[in-house]
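User: I'd like to learn how to read the features of a structure like this one. Could you take me through it step by step?

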Amino acid sequence: MAVAGVGASLKDVHGAIVVAKLDPKGTAYSSGMIHQGDEILRVDKEYTEGLTPTQVMGLLQGEAGSLVRIKYKRKGLDMSTTLTREVGNEHELHEHHALKHHRQELSSEDQKADWAAHHINHGVHQINQHAHHAEEPA
């Protein structure tokens with residue numbers, strides 16, 4: 001089993017487990033859901049209170065391709081997301097190949113709609129990348 005994660009480094013800030021850095025190839029970054037400075041409250045069913053960043057990193061890690069549910073706090077708001085654990089940038093490769101294969105099975109009209117949805121998703125991804133860069137300290 002390859003150990004995989006979501007591409008987030010953590011640190012302790014006054015007893016809270018906080019996202020210190022995001023790897024641009026990780027699902028935490030590419031999903032646009034997790035941001036630098038978010039406080040990790042729970043990983044799957046395990047609360048992070050009293051844990052070290054290393055222990056929480058251990059909770060975030062697991063078998064490549066498995067899902068992990070993360071509850072976090074940003075600017076006073078509790079939020080949650082489910083991410084796929086990965087070793088590298090599999091999400092980019094899987095999405096590209098799945099879309100290519102999927103398009104070959106669609107009717108002409110459905111292909112157009114699928115093409116539009118893909119480009120909208122790409123635009124959202126670009127916006128999320130821009131938002132991550134705008135949040136990074138200079």
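User: How many salt bridges does a search of the whole structure find?

Analyst: When you look for one, check for a side-chain nitrogen of Lys or Arg within 4 Å of a carboxyl oxygen of Asp or Glu. This is a predicted model, and the search of the whole structure finds three salt bridges. One of them joins R74 to D38, with the closest N and O atoms 2.8 Å apart. That pair links distant parts of the chain, 36 residues apart: R74 sits in strand β7 (residues 67-74), and D38 in the loop between α1 (27-31) and β4.

User: Are R74 and D38 buried or exposed?

Analyst: Both R74 and D38 are buried.

User: What does D44 pair with, and how far apart are the closest N and O atoms?

Analyst: D44 forms a salt bridge with R85, and here the closest N and O atoms are 3.6 Å apart. D44 is in the loop between β4 and β5 (46-47), while R85 is in the loop between β8 (77-84) and α3 (90-104), so this pair ties together parts that are 41 residues apart in sequence.

User: How should I classify D44, and how R85, by accessibility?

Analyst: The cut-off to keep in mind is that buried means under 20% relative accessible area and exposed means over 50%, with partly exposed in between. D44 has 34% relative accessibility, so D44 counts as partly exposed. R85 is at 7%, so R85 counts as buried.

User: Which side chains meet in a salt bridge at 3.9 Å, N to O?

Analyst: Those are the side chains of D78 and K73. You can apply the accessibility reading here too: D78 has a relative accessible area of 47% and is partly exposed, and K73, at 32%, also counts as partly exposed.

User: D78 makes me curious about its neighbours. What does L41 touch, leaving out residues up to four places away in sequence?

Analyst: For contacts, it helps to set aside sequence neighbours and see what remains. L41 touches E46, Y47, T48, K71, Y72, K73 and D78, so two of the residues in that list, K73 and D78, are the salt-bridge partners we just met. L41 itself lies in strand β4 (residues 39-43) and, at 18% relative accessibility, counts as buried. You can also compare separation in sequence with separation in space: L41 and S80 are 39 residues apart in sequence and 9.4 Å apart, C-alpha to C-alpha.

User: Now for empty space. How many cavities of 30 Å³ or more are there, and what lines the largest cavity?

Analyst: Start with the volume, then look at the class of each lining residue. The search of the whole structure finds one cavity of 30 Å³ or more, and the largest cavity holds about 40 Å³ of space. Its lining is V6, A8, L10, V19, A28, I34, I40, L60 and I70. By class, that gives nine nonpolar, no polar and no charged residues.

User: How does the lining of the second largest pocket divide by class?

Analyst: There you get six nonpolar, five polar and three charged residues. The second largest pocket has about 160 Å³ of space and 14 lining residues, with G5, V6, G7, A8 and E86 nearest its centre.

User: Where in the chain is confidence lowest, and where is it highest?

Analyst: Read the overall value, then the elements. The chain has a mean pLDDT of 79, with 62% of its residues at 70 or more. Confidence is lowest in α3, at a mean of 45, and highest in β4, at 98. Over residues 92-104, pLDDT stays under 50, and the model has eight contacts for them beyond four places in sequence.

Key:
Residues are numbered from 1 along each chain as its sequence is written. This is a predicted model: local features need pLDDT of at least 70, side-chain atom pairs count only at pLDDT 80 or more; totals for chains, interfaces and linings use all residues. Side-chain values use heavy atoms; hydrogens and water are left out. Helices (H or I, at least four residues) and strands (E, at least two) are DSSP runs, numbered from the N terminus. Buried means under 20% relative accessible area, exposed over 50%, partly exposed in between (1.4 Å probe, protein chains only). Contact means heavy atoms within 4.5 Å. On a 1 Å grid over the protein atoms alone, a cavity is a set of points where a 1.4 Å probe fits but cannot get out, and a pocket is an open set with protein on both sides within 12 Å along at least five of seven lines; lining residues have an atom within 4 Å of a point. Grid points are joined across faces, edges and corners, and a volume is the space filled by probe spheres set on the points. Ala, Val, Leu, Ile, Met, Phe, Trp, Tyr, Cys and Pro count as nonpolar, Asp, Glu, Lys and Arg as charged, and the others, Gly among them, as polar. pLDDT is the predictor's confidence in each residue, from 0 to 100.
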